[in-house]
Amino acid sequence: MNFKAAGIFNRCITLEMENEYAFRMPESYKVLLNGKEVTSTDENVVTLGGLIPDTEYTIAVCCGGETTTQVLRTKAETYLISVKDTGAKGDGVTNDTTKLQAAISACPAGGTVYVPAGTYLTGPLFLKSEITLWLEKDAILLGDPERTNYPILPGVIHDPEDFSKEYSLASWEGNPLSAFASLITGIGVSDVDIIGEGVLDGNAGASDWWVDVRKKRIAWRPRTLFLNHCTNVRVQGIKIQNSPSWTIHPYYCDHLKFLDIRIWNPENSPNTDGMDPESCSDVEIIGVKISVGDDCIALKSGKLYMGREHYKPSEHITIRNCMLERGHGSVTIGSEAAGGIRDIRVEKCIFSGTDRGLRIKTRRGRGDRNVLDDICFESLIMKDVHMPVTVNMFYFCDPDGHTDYVQNQEPQEASEKTPRIKSLTVRNVQCDGVSASFVCVYALPEMPMERLTLENIKVSFLPEAERKSEVPIMMDHFPEMSGRSFYIRNLRELNVKNVTISGSADTAPTLMGVDVKNIEGLIYG
């Protein structure tokens, strides 16, 4: 079986198996390091740790009687500094913030900040360029529960000689608003690795971060990992949990990799999305497991102000071999997408137990740069996902979300505030345990969605007695559904090929305002 190095670090290497299976294989395989077996797994992504920097290793993968071998060399390292050397206690009681920050600040370029096993109570830590932050197994960075110990990042700062020039230091739900610094914060850094088997614990349950969440108290809630205008950052292996709000929030970043990490937040924790790349390009999310209280992965590019004044689309994003569980949506696009989102590939993933699988949401007022295009979901397994595909252009977020301007279902005049959805493709997908609906699309009558392609899909609904009656899309006056196959309104071109529906309450699609219908091999059974 062929494999490739998804990421080579100074003390670990992440491998990705090259096969047709989503997330895991039907049988386990063995991984040998210099001839010695080090692990056995059925998951397509695996990490080998405990390696020595700048060292050559022979790696073999054995599966089904076949063995594939590669020789790989770990990344070099200049120096190693332990946080114990700068005075960190790691006893879970002493506040270690300044000691941990000293190790980061003192680390020379190309060096590694080593966090050995222990629980380190800490406030926000700020990264610097050209370092590795290594969290050993059983090392926990535990967030300080006292919000007044968190620095505040202003939403924008200005050039003192030209006030029109501004830099966004912080963000809240698509606008440049002041927010607390995050447990790990990177501002304008480059060439940073965060690796290991340790834990970033936002410790939100021990604080009041999840209480009265719609009220700004001093500043908006922090993330657990916030990267702002960063380049070439890789996060590998660690577990991130109990986040005060969005867990990982890359903001105006380029060239990012997230490999073989685990994200967990309680089911009832508010706004605790797993990952929210916002106005980012060239992002790889590979082998990640997410189980959270909101959307697992949400791709964004800001609200109208950011789309106009700091225009940067989210683009060239790959999500592959991931397990996305629980949550409101497995992969969500929007609603804050005023800068546009394009060239998105979601491949070989398992969506399990989420409310929605693919979830697109936008609304009038996001702007004409809010163009969602070239989005492809393929080779997926959706298990017990209530509503696998939803597209909503009447999303009722924001203070004006329930106004007539946003919710009126009659055609309005298209303007500079009107969003667009162009091309969406879903193919080679198995959906089992569907409840409310398979596909629910409601686009704007004045700006219909351009193209929806559904190919090679098998859908099975839960028995009627086990199905929930739910509202698939969050807009005013939309009915609950149960067992509905297709509900599509305002679409220019629908392409359906080789789609099998079993156990639905209906026996034909509901299509309204669909201009072109290319339907071949749609079978109800």
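**Entry 1: a bridge partner**

I looked up Ala5 and found that its bridge partner is Leu15, in strand E2. I note here that the model is predicted. I then turned to the strands themselves: E1 and E2, the latter covering residues 13-17, pair in the antiparallel sense over five bridges.

**Entry 2: the sheet around E2**

I traced the sheet and recorded an open sheet of three strands in the order E1-E2-E5, with antiparallel pairing. I asked why one side of E1 and of E5 is left without a neighbour in the sheet. Strand E1 (3-8) and strand E5 (45-48) stand at the edges and have a single partner strand each, so one side of each lacks a neighbour there. I also looked up the turn between neighbouring strands of this sheet, which is 30° on average, direction ignored. As general background, I noted that strands of a sheet pair through backbone hydrogen bonds, either parallel or antiparallel.

**Entry 3: the nonpolar cores**

I searched for the largest nonpolar core and found that it has 103 residues. The residues with the most contacts inside this core are Phe258, Phe351, Phe438, Leu452 and Leu454. I checked which element gives the largest share of the core: strand E43 (residues 484-502), with eight residues. Apart from this core lies another, of 17 residues, and I found Leu15, Leu33, Val61 and Leu72 among them. Leu15 was already in my notes as the bridge partner of Ala5.

I returned to Phe258 and listed its contacts, leaving aside neighbours within four places in sequence. They are Leu227, Val235, Ile248, Pro250, Met275, Val283, Glu284, Ile285, Ile286 and Val288.

**Entry 4: cavities**

I asked how many cavities of 30 Å³ or more a search of the whole structure finds. The search finds five. I recorded a volume of about 60 Å³ for the largest cavity. Its lining includes Leu153, Phe180, Ser182, Arg221, Pro222, Arg223 and His249.

**Entry 5: Pro222**

I chose Pro222 from that lining and located it in the loop between strand E21 (199-201) and strand E22 (225-228). Is Pro222 buried or exposed? I entered Pro222 as buried, because its relative accessibility is 1%, and the cut-off for buried is under 20%.

I then listed the contacts of Pro222, again without its neighbours within four places in sequence: Tyr150, Phe180, Ala181, Ser182, Trp209, Pro244 and Ser245. Of these, Phe180 and Ser182 also belong to the lining of the largest cavity. Lastly, I looked up Pro222 and Trp246, which are 24 residues apart along the chain, and found their C-alpha atoms separated by 7.9 Å.

Terms used
Residues are numbered from 1 along each chain as its sequence is written. This is a predicted model: local features need pLDDT of at least 70, side-chain atom pairs count only at pLDDT 80 or more; totals for chains, interfaces and linings use all residues. Side-chain values use heavy atoms; hydrogens and water are left out. Two strands pair if DSSP finds at least two bridges between them. Helices (H or I, at least four residues) and strands (E, at least two) are DSSP runs, numbered from the N terminus. Axes are lines fitted to C-alpha atoms, for helices over the stretch in contact, and angles run from 0 to 180 degrees between N-to-C directions. A nonpolar core is a set of buried Ala, Val, Leu, Ile, Met, Phe, Trp, Tyr and Cys residues joined through side-chain atoms within 4.5 Å. Buried means under 20% relative accessible area, exposed over 50%, partly exposed in between (1.4 Å probe, protein chains only). Contact means heavy atoms within 4.5 Å. On a 1 Å grid over the protein atoms alone, a cavity is a set of points where a 1.4 Å probe fits but cannot get out, and a pocket is an open set with protein on both sides within 12 Å along at least five of seven lines; lining residues have an atom within 4 Å of a point. Grid points are joined across faces, edges and corners, and a volume is the space filled by probe spheres set on the points.
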